[in-house]
Amino acid sequence: MLILLDEITMKPILEIQDISKKFRISHQTGSYLNLRERVVNALKFEKNSTEDFWALKDISFEVQAGESIGIIGRNGAGKSTLLKILSKITPPTQGRIISRGRIASLLEVGTGFHPELTGRENIFFNGSLLGMKRKEIESRFDEIVDFSGVEKFLDTPLKHYSSGMQLRLAFAVAAFLEPEILIIDEVLAVGDAEFQKKCLGKMEDVSKSGRTILFVSHNMDAVLSLCKSGILLKEGGIDVFGTTQDVVKKYHLEMDQNVLSIENEVIKFIEIKQIDEGLLLTVKFNTKTPIDYPNLGFSIADISGHAITGTNPRKSKREFPNFSRSEGVIEVKIQSPKLSNGTYQLFVWFGDWHSNFFETKDPILFQINDIAEEHNRNPKLDGYVIPHCEWTVS
Amino acid sequence: MQKDIEYIIEPTEKKFLNFAVLWQYRELFYFFTWRDIKIKYKQTALGFLWAILQPLLMMSIFTLFFGRALNIPSQNLPYPIYVFSGLLIWNIFSTGLNNAANSMVNNASIIKKIYFPRLIVPVSSILVALFDFLMALILFISILIFYKQPVSWTIVFYWPFAMLFSVIATLGLGCWLAALNVKYRDFRYVIPFLIQVLFFLTPVLYPISLLKHPLLQYALATSPMYIAVEFFRLPLTNTLPNMDFVWISLASNIVFLLIGVIYFRRTEDFFADFA
């Protein structure tokens, strides 16, 4: 009998078996189908020109109870799709998953928060959406409010909250979920540094209490501190499955290309490279109609996602007289500030005078090397920007 | 070791309806309905009174034009009562269908991020319409008392069934349109038009006998709401409708329910990909 029990507990809590997911990309339509196009094509006996795209291909791995696994990979590697399948939001095309515990997923904090509802009402609705029973929420209510620190505004509609307060409330509800398996996607990408620390601390508690965590993030520090093993996804498949250190190292190696080429978008190509001690950002765009002002914005952040510097031509009052083109290449030479050696994140967006057409969802990572730095420079203490100083003593 | 929970995520479920899962998530029905009712009447000075005022104003307008000006027969009922009873039960359908058809699109941000049985969304949005109905029903009963309208005891049987059939009619078409609306946003523009057409094709403002051609009467009886309107008025008029019409409407009621729910179930797995 004892042996039998042992066998049961030895079974992995999560078995992912040959999971594949196919998306059909339509080349004519936007995000959703247009009935007219369907009808017209049917009348013309023409099939919608579609193309199959495998977001995930034959993913298999097992997770033991109590393990925490970091899932990393570059944009479009299939991380989000994998999490969506695990959370039952979208079904796999092939393969199956055996789960031996309740799964709760936090693909976003504050899902279902409504600005017209009060803080109290939002706690109940959001908690219930996340799978908590009403009684559970009631019994945990004081703790949730305590953790969020918004007790004074409990009966105020959420629309009067600051974004920081909304975030704290959202995370507080999620923090008191008690599933056996917790799936977290990039929740920590938002909020101030102090709050991120608080969230990380709470998640460490969760993983120490023996629950299983799957964690997707671009914040390598967070992945390293939270997860023992990791998975690096590449083009829909598993590239490396090993200790977090190995996986993160491989990730940084692959990210060194600093190039992102995108299809079916306004922006075709983004590259950032180091030239001497400065940076060169190259972006290729192609809009359907000519635009009068190529407004390319960029932001450089440290590896944890805190912005260091950024701008766009409108901010720096740059004029492009008589500009009217639908395609072109923009080059930005960034000569200052001088960044110290390390890995950075780049975010890019693009638009015209009036609106934005494009925005990078995930950061592009790049390295700065061989900067003749000051001796013993420590970014944690001295910051990422090397000051340009002239010293005089009198 | 905790309770043995073991479940499998596979390409597509072939079950028609998984009642066990719906039961497990039963509290969400309540929370979605509760949220929608709260939001609907937030920041309105009159609040729930709107649920009563809307049919009341409609009744006045219709009484003026159809009752007084056109002198439409009303099966021996005072025309305001005739119209109000029709509007009341009709509003479950029109409000509910409108809510349900847009519900999946309106809640797309939730659907893309969290799993729960998707059927909860349209069903709850119909329950919101039922709440409005119950509020207006209080007013209707006061009107009945005011007019000293005699009411048959069969009311205890016919009214619940009228409500049930109107909910079924709403659910069938509502689920169908909700699923179609996710795929083709064209339906957003079709829905108000469809509701308006069905309003005039269902004997809400006039008795079916007003149409002289029997074929036309049969055609109108295919409206899934015909049976609900007829049943709701029966305890007041005390005239049994043509049983053929009742059966036709009931059949259409159930056919739409099956089409709607099956279509919804067949497409719900992919809502997150389309929305």
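Two strands are taken to pair if DSSP finds at least two bridges between them. In this predicted model, strand 4 (residues 94-99) of chain A and strand 1 of chain B pair by that criterion, running antiparallel and sharing three bridges. Within this pairing, Ser99(A) has Tyr7(B) opposite it in strand 1 of chain B.

The strands belong to a wider meeting of the two chains, to which chain A brings 39 residues and chain B brings 30. On the chain B side, at least two residues come from each of strand 1 (7-9), helix 2 (26-41) and helix 12 (271-274). Helix 2 of chain B is the leading contributor to that side, giving six residues. In character, the side of chain B that touches chain A comprises 15 nonpolar, 13 charged and two polar residues.

Helix 4 (residues 119-129) of chain A deserves a look of its own. Ten of its eleven residues are buried, so this helix is largely enclosed by the rest of the structure. Among the buried residues are Ile123(A), Phe124(A), Phe125(A) and Leu129(A), along with Glu121(A) and Asn122(A). The packing partners of the buried residues come from both chains: helix 5 (134-148) and helix 6 (163-175) of chain A, and helix 2 and helix 5 (108-111) of chain B. Just beyond helix 4 of chain A, Gly131(A) adopts a positive phi of about 105°.

Elsewhere in chain A, strand 17 (residues 342-351) and strand 18 (residues 356-359) run antiparallel and are joined by three bridges. These two strands make a hairpin, with four residues between them. Here Phe350(A) finds its bridge partner in Phe358(A) of strand 18.

Conventions. Residues are numbered from 1 along each chain as its sequence is written. Chains are lettered from A and ligands numbered from 1 in the order in which they are written. This is a predicted model: local features need pLDDT of at least 70, side-chain atom pairs count only at pLDDT 80 or more; totals for chains, interfaces and linings use all residues. Two residues are in contact if their C-beta atoms, placed from the backbone, lie within 7 Å. Ala, Val, Leu, Ile, Met, Phe, Trp, Tyr, Cys and Pro count as nonpolar, Asp, Glu, Lys and Arg as charged, and the others, Gly among them, as polar. A residue is buried if 20 or more other C-beta atoms lie within 10 Å of its own, exposed if 12 or fewer, and partly exposed in between; C-beta atoms are placed from the backbone.
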